[in-house]
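Thanks for coming. I will talk about cysteines first, and then about some backbone angles. Please have a look at the structure while I speak.

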Amino acid sequence: MSFVYLLHFNPPLHHARHYIGFAKTSVERRIRQHQQGTGAALTKAAIAAGIQLELARIWEGNRSLERQLKNLKNAPRLCPICQETFKNVQAKS
């Protein structure tokens, strides 16, 4: 079984607030790789900058799903952390 996952950067790395990735078997193992700075270049840069990576969401799916989600170019809409923050900002208005 394979998975697609969404990482939320806290705080953002320049313009990047999210990373969508693929794990062939173990999401936990893949996230550990990112947190150790041995994952994707973007997450490696985030870790080097002292940015916290938060697992925001997991989908069961393959690389095709990963590509579809990346092509949306709108990860904040997929991110429950961002959606909660957006709701809180609106409630204060």
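Keep in mind that this is a predicted model. With a cut-off of 2.5 Å between cysteine sulfur atoms, the number of disulfides is 0. For anyone new to the term, a disulfide is a covalent bond between the sulfur atoms of two cysteines.

Why is there no bond at Cys79? The closest cysteine sulfur to that of Cys79 belongs to Cys82, and it sits 3.8 Å away, which is too far for a bond. Seen from Cys82, the closest cysteine sulfur is the one in Cys79, again at 3.8 Å and too far. And are these residues buried or exposed? Cys79 is buried, at 0% relative accessibility. Cys82 is buried as well, with a relative accessible area of 13%.

Now the backbone. Most residues other than glycine have a negative phi, and most peptide bonds are trans. Here are some exceptions.

Start with the peptide bond that runs from Asn10 to Pro11: this one is cis, and its omega is near 0°. Pro11 is part of strand S1, which covers residues 3-13.

Next, His14. Its phi is positive, about 55°, and it is not a glycine. You will find His14 in the loop that links S1 to strand S2, residues 16-23. His14 is exposed, with 75% relative accessibility.

Lys73 also has a positive phi, near 50°, and is a residue other than glycine. Where is Lys73? In the loop between helix H3, residues 63-72, and helix H4, residues 75-78. Lys73 counts as exposed, at 73% relative accessibility.

That is my part. Thank you.

Terms used:
Residues are numbered from 1 along each chain as its sequence is written. This is a predicted model: local features need pLDDT of at least 70, side-chain atom pairs count only at pLDDT 80 or more; totals for chains, interfaces and linings use all residues. Side-chain values use heavy atoms; hydrogens and water are left out. Buried means under 20% relative accessible area, exposed over 50%, partly exposed in between (1.4 Å probe, protein chains only). Helices (H or I, at least four residues) and strands (E, at least two) are DSSP runs, numbered from the N terminus.
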